[in-house]
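Subject: Structure handover

Hello,

Here is the structure we talked about. Please open it alongside this message; my notes follow below.

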Amino acid sequence: PKSLSAMVMGSNALLTKPGESLAPMLGWALLNLNPDSQATARDPKLQSLLFHCLVIGPLVVVSIQLLLWSRFTLRGDYLQRIKDMVTARDLEGSAPPSGAFAEPVSWPAQMPARETGKQS
């Protein structure tokens, strides 16, 4: 449904726009922590600060994202159910198949357990 896509886009904007605005100001503030305003690119303190801003920061964010998203999978029966719903929606137009969203979905309770690759 169009309202769902609008909600996804709105949520994306809500979460990303503040970061896009605040990140340059945070970087400027961190660089101004150095009391020596004549620091050059060869200054070890400045190099360390830039490394932390440009490498460690994104690595921390990526790690958090991987940790959070590792709970959600698209495998097995659940993946097939999603594919069937998308195929049915595409065949019928833009409306979801009847009864596709009739029951409330409790995330992640109805999702299958994540496969670990170990056989029991």
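Is Asp 90 buried or exposed? Asp 90 has a relative accessibility of 53%. The cut-off for exposed is over 50%, so Asp 90 counts as exposed. Its partner is Arg 89: the two side chains meet in a salt bridge, at 3.7 Å from N to O. Arg 89 is partly exposed, with a relative accessible area of 32%.

Before going further, a caution. This is a predicted model. The protein chain averages a pLDDT of 75. Of its residues, 68% score at least 70. Helix α2 has the highest confidence, at a mean of 87. Helix α1 has the lowest, at 83. Where pLDDT is low, the predicted coordinates should not be read in detail.

Overall layout

The protein chain has three helices and zero strands. From the N terminus on, the order is α-α-α. Helix α1 covers residues 2-31, α2 covers residues 44-69, and α3 covers 76-92. The chain has 120 residues, and 8% of them count as buried. About 10300 Å² is exposed, with carbon and sulfur atoms supplying 65% of that area. Take the contacts with a separation of 6 or more: residues 24 or more positions apart account for 41% of them.

Salt bridges

A search of the whole structure finds two salt bridges. One is the pair of Asp 90 and Arg 89 described above. The other joins Lys 17 to Glu 20, with the closest N and O atoms 3.8 Å apart. Both of these residues lie in helix α1. They are three residues apart, about one turn of the helix. Glu 20 counts as exposed at 52% relative accessibility. Lys 17 is partly exposed, at 47%. As background, side chains of opposite charge can pair when their charged atoms come close.

Where α1 meets α2

Two leucines in α1 are worth a look. Leu 30 lies in helix α1 and is partly exposed, with a relative accessible area of 27%. Setting aside neighbours within four places in sequence, Leu 30 is in contact with Leu 49 and Cys 53. The C-alpha atoms of Leu 30 and Cys 53 are separated by 8.5 Å, although the residues are 23 apart along the chain.

Leu 31 is also found in helix α1. Leu 31 counts as partly exposed, at 36% relative accessibility. With neighbours within four places in sequence left aside, Leu 31 is in contact with Leu 46, Leu 49 and Leu 50. From Leu 31 to Leu 50 the C-alpha separation is 8.0 Å, across 19 residues of chain.

Nonpolar surface patch

Leu 31 also belongs to a nonpolar patch on the surface. The patch has about 1100 Å² of accessible area together. Its members include Leu 50, Phe 51, Leu 54, Ile 64 and Trp 69. Which helix gives the most to the patch? Helix α2 does, with ten residues. Phe 72 is another member. Phe 72 sits in the loop between α2 and α3. At 35% relative accessibility, Phe 72 counts as partly exposed.

If you view one region, start with Leu 31: it touches Leu 50, and both residues are in the nonpolar patch.

Best wishes

Technical notes:
Residues numbered from 1 in each chain as written. Predicted model: local features only at pLDDT ≥ 70, side-chain atom pairs only at ≥ 80, totals over all residues. Heavy atoms only, no water. Patch = residues over 30% accessible without salt bridge, like charges linked within 9 Å, V, L, I, M, F, W, Y side chains within 5 Å. Areas by Shrake-Rupley, 256 points an atom, 1.4 Å probe, with all protein chains shown as cover. Salt bridge = Lys/Arg side-chain N within 4 Å of Asp/Glu carboxyl O. Helix = DSSP H or I, 4+ residues; strand = E, 2+ residues; numbered from the N terminus. Buried < 20%, exposed > 50% of the residue type's maximum accessible area, 1.4 Å probe, protein only. pLDDT = per-residue confidence, 0-100. Contact = heavy atoms within 4.5 Å.
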